[in-house]
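Please open the model in your viewer, switch to a cartoon view, and keep the sequence panel at hand. The stops below follow one another as a series of selections.

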Amino acid sequence: MRVLGIDPGLRVTGFGVIDVTPQNMTYVTSGCIKTVGQGLPDRLKEIVTGVMEIIEGYTPSIAVVEQVFVNVNPQSTLLLGQARGASISAAVLKNLPVAEFTALQVKQSVVGNGHADKSQVQEMVKRLLSLPSAPSTDAADALACAICYAHSERVASRMRQATPN
């Protein structure tokens, strides 16, 4: 299974793609969609276009998007929600199922601490995927989303196998 993780942001949307088998996870690619449009509609279009291009290029089986948390600044939360909506829309337009996890769930799954800082997430992503160096914070967060999904699917698979029919 190929998993696309997305860390939505209006200026920078991180993405990461991994291949998942029952035994391991393999890094495929990661990076950032950096928007340069002047207005909100232009930036949202760049996110939709960028995510669709990644999906076309890497053909993932599922997209995993980090859920928006309520921020101190309501305006920032609304803008982040729109970037998230653009990412989800791109996946849905490409007929991909979408899974969602909170930042707390992602950090707990990857680092073991739901309140880990960004450098800890970067380091654990680097270790879990055997990368030569840590990815950027946005790409690391996206890869962490994909890893979280892989971990949750492994647990679900084990539970299905253990449950008698």
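Which residue in E4 is the bridge partner of Leu-4? In this predicted model, the residue to select is Ala-63, which is paired with Leu-4 across the bridge. Extend the selection to strand E1 (residues 2-7) and strand E4 (residues 62-66), and you will have a parallel pair joined over four bridges. With that pair still shown, add helix H2 (residues 74-93), which packs on the sheet and touches E1, E2, E4 and E5, its direction making about 150° with that of E5.

Next, select strand E2 (residues 12-20) together with strand E3 (residues 25-34), which run antiparallel and are joined by nine bridges. These two strands form a hairpin with four residues between them, and Asp-19 can be found opposite Thr-26 of E3.

Now show the whole sheet, an open one of five strands in the order E3-E2-E1-E4-E5, with mixed pairing. E3 and strand E5 (98-101) stand at the edges, and because each has a single partner strand, one side of each is left without a neighbour in the sheet. From one strand to the next, the twist averages 20°. Adding helix H1 (residues 40-58), you will see that this helix lies across E1, E2 and E3 and runs at about 155° to E3.

For the last stop, turn to the second largest pocket, whose volume is about 170 Å³. Its lining includes Asp-7, Pro-8, Gly-9, Glu-66, Phe-69, Leu-80 and Asp-138, and the lining residues divide into six nonpolar, two polar and four charged.

Key: Residues numbered from 1 in each chain as written. Predicted model: local features only at pLDDT ≥ 70, side-chain atom pairs only at ≥ 80, totals over all residues. Heavy atoms only, no water. Pairing = 2+ DSSP bridges. 1 Å grid on protein atoms, 1.4 Å probe; cavity = no way out; pocket = protein on both sides within 12 Å on 5 of 7 lines; lining within 4 Å. Points joined across faces, edges and corners; volume = space filled by probe spheres on them. Nonpolar A, V, L, I, M, F, W, Y, C, P; charged D, E, K, R; others polar. Axes fitted to C-alpha atoms, helices over the stretch in contact; angles between N-to-C directions. Contact = heavy atoms within 4.5 Å.
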